[in-house]
Number of protein chains: 2
Amino acid sequence: MASIRDVAKQAGVGVGTVSRALNGTGYVSPDTKKKIEKAAEKLGYTPNELARNLYRNRTGIVGVMVPDLDHPFFSCLAKHIEMELYRQGYKTMICNTIGISDREKDYLDMLDRNIVDGIITAAHSLDEEEYLKRKKPIVSVDREFGPGIPLIGSDHAMGGRMAAELLLKNGCRKVLQISGVAPGVAAQERHSVFKEVMQKQGVEILNMVMDWNVFDWNAHYTGMEKFLEEHPDIDGVFGGDMAAIACMNAVLQKGIRVPEDIKIIGFDGMDVTRMVYPRLTAVRQNVQLLAELCVNTLLDLVEERKGVPHRQVLDVEMQFGGTTL
Amino acid sequence: MASIRDVAKQAGVGVGTVSRALNGTGYVSPDTKKKIEKAAEKLGYTPNELARNLYRNRTGIVGVMVPDLDHPFFSCLAKHIEMELYRQGYKTMICNTIGISDREKDYLDMLDRNIVDGIITAAHSLDEEEYLKRKKPIVSVDREFGPGIPLIGSDHAMGGRMAAELLLKNGCRKVLQISGVAPGVAAQERHSVFKEVMQKQGVEILNMVMDWNVFDWNAHYTGMEKFLEEHPDIDGVFGGDMAAIACMNAVLQKGIRVPEDIKIIGFDGMDVTRMVYPRLTAVRQNVQLLAELCVNTLLDLVEERKGVPHRQVLDVEMQFGGTTL
């Protein structure tokens, strides 16, 4: 492989000039630049990015941690984060944290080992201290770590309130709430607000709590089947998209009608809510904007800009489908 | 930040001994090792992975290219590839190739720039030559590049035949086939075999060809609505999971019954086929095995093992749901 020295020799200039020309780090006359580019092309010279990064002590790589890359919300989030990072000149290293233990810690360790310039985390199974002790930038989706780690998230409390108000308007009196988010995560707020609003109106609330790290379809579906055996008389349901869809599927399988007998509202509002029939009414997060804010905030920290906001909370909206009246 | 020299000084040994101890590259007595580890911990020393990789000329990173990370098949594939790479000590750099032009080429260029040790590609919008000219390992999902680039894929011809035979058994006589895969990709085989088997039995075939780079739900749904206006009398459908589900949704919306009036079969068999009601009958790919073979084959090349298979084709199976009889 040709080296920078070979290029310099071929172009008849010094190594420093080649470096300035190819890295854009200083003035080189247009004529000389053309000569150097011709020489580099002729010799098939490609700069060694590893060496260049060592010099800069920056890798141009951002780590993104999600619990499950095959979950509709996280696949959508990861997609938009990757596209926005790319637009801003960074590459994305991805990690599913569920299923193999200690991965979250292992990825955080990459910050110290200079493999990534920063991390965007939507995975939250690790102790706060493991996050707070890192010296390089971290941005968190939905989990509050205090002022050292900016938080970007949806307004879960607003979503919980909107779902409760719609089910009340639909006349529901005995409602199932399916929750399953990790402790300490802002998403919990939607459940507490939902419960508060419903109970104030005298509505009976049943709770089904999934393990926080369960994302697969079968676990949701069999859980719902069992629940319906014991409580066939519920008239409303609120849960994440997948839980809500599992519920709808189990309900339809029993010959119960949606929305006539049971009203169902999801949370996230991903594409999958438009694939089922009837379409799922859901509180919709603006995932693309969430992704863009994560990237912008992290890169503000990586590139040491000032005045980085510590907390950015996005509005949610109701996406009306055929599972409510 | 502490350097390896500081650690050596603190432990009272040479720099070479510290390197052997921390990298596991040679014998160091247990006592000395303990002393070195203590010193490293006390000084907060973390080896510079950039520098180490420069020395090895290997990054421990594999690039994974998919057209759309938010598509059920590709999110599942990417998840399992990432988990398998991690198990084998590699990190995953991810790229969605759809939506921003020239990304596929840009990622291939990373091979030459020593950012990744190899690439697993399930994105196929670029000319063959761009792939064939690379010197570092590439593994392809479903696209044939000849002996230089191993192919891993499902048996699409087998899937096309199974779908055709099931629709024939169900008595279908006028069938819609929805295709949309990139030209030159093995997935095309399922459509040609399907058509051949059906036409041999005198079944009329209508074709709907989606642009190869369209993965979003709305495009599928509105396309199906329009098609059904013009051809309300079809009695069978075969297409990718998402196309088949879009079709089912549009059909149900019109009050047509599934499977009584129209039989529907998907291809891929992802979780989403179990979320819709009735559940989608689909030809199921073994995505986890596909992912594991991609990783094993690529790492065989990266780590220069011999006898790497050029072509590995996996069986598919029929997943029976409620959209066929």
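## An aromatic cluster in chain A

A:Phe194, A:Phe238 and A:Phe267 are joined into a cluster by ring pairs. Here, rings of Phe, Tyr and Trp (its six-membered ring) pair if their centres lie within 6.5 Å; planes under 30 degrees apart count as stacked, over 60 as edge-to-face and the rest as tilted. By this rule there are 12 aromatic pairs over all chains. One of them is A:Phe238 with A:Phe267, an edge-to-face pair at 6.5 Å centre to centre with 65° between the planes. This pair ties together distant parts of the chain: A:Phe238 belongs to strand 8 (residues 236-238) of chain A and A:Phe267 to strand 9 (residues 263-268) of chain A, 29 residues apart. Helices (H or I, at least four residues) and strands (E, at least two) are DSSP runs, numbered from the N terminus.

A:Phe238 and A:Phe267 are both buried. Buried means under 20% relative accessible area, exposed over 50%, and partly exposed in between (1.4 Å probe, protein chains only).

## What you're looking at

This is a predicted model, where local features need pLDDT of at least 70 and side-chain atom pairs count only at pLDDT 80 or more, while totals for chains, interfaces and linings use all residues. Residues are numbered from 1 along each chain as its sequence is written, chains are lettered from A and ligands numbered from 1 in the order in which they are written, and side-chain values use heavy atoms, with hydrogens and water left out.

## Helix against helix

Now for a spot where chain A meets chain B. The axes of helix 6 (residues 103-112) of chain A and helix 5 (residues 72-87) of chain B come within 13 Å and cross at roughly 75°. That crossing makes helix 6 of chain A roughly perpendicular to helix 5 of chain B. On the contributing side of chain A are A:Arg103, A:Asp106 and A:Tyr107, and from chain B come B:Glu82, B:Met83 and B:Tyr86. Sorted by class, this contact has three nonpolar, no polar and three charged residues.

A few terms to pin down. Axes are lines fitted to C-alpha atoms, for helices over the stretch in contact, and angles run from 0 to 180 degrees between N-to-C directions. Angles under 35 degrees count as roughly parallel, over 145 as roughly antiparallel, 65 to 115 as roughly perpendicular and the rest as oblique. Contact means heavy atoms within 4.5 Å. Ala, Val, Leu, Ile, Met, Phe, Trp, Tyr, Cys and Pro count as nonpolar, Asp, Glu, Lys and Arg as charged, and the others, Gly among them, as polar.

## Charges over rings

A:Tyr107 turns up again here: B:Lys91 lies over the face of its ring, 5.4 Å from the ring centre. Going the other way, the charged end of A:Arg279 sits over the ring of B:Tyr221, at 4.4 Å from its centre. The rule is that NZ of Lys or CZ of Arg is within 6 Å of the ring centre and within 35 degrees of the ring normal.

## Buried leucine and isoleucine

B:Leu69 sits in the loop between strand 1 (61-66) and helix 5 of chain B, and it is buried at a relative accessible area of 1%. Leaving out residues up to four places away in sequence, B:Leu69 touches residues of both chains, including A:Leu69, A:Ser75, B:Ile94 and B:Asn96.

A:Ile81 is part of helix 5 (residues 72-87) of chain A and is buried, with 0% relative accessibility. Its touching residues, not counting those up to four places away in sequence, are A:Val64, A:Ile120, A:Ala291 and A:Val295. A:Ile81 and A:Leu290 are 209 residues apart in sequence, yet 8.6 Å apart in space, C-alpha to C-alpha.

## Backbone oddities

Most residues other than glycine have a negative phi, and most peptide bonds are trans. Which bonds go the other way? The peptide bond from A:Tyr277 to A:Pro278 is cis, with omega near -5°, and the bond from B:Tyr277 to B:Pro278 is cis too, with omega near -5°. A:Pro278 is in the loop between helix 12 (272-275) and strand 10 (281-284) of chain A.

A:Asp268 has a positive phi, near 125°; this residue is in strand 9 of chain A and counts as buried at 9% relative accessibility. B:Asp142 also has a positive phi, of about 75°, and lies in the loop between strand 4 (138-141) and strand 5 (151-154) of chain B.
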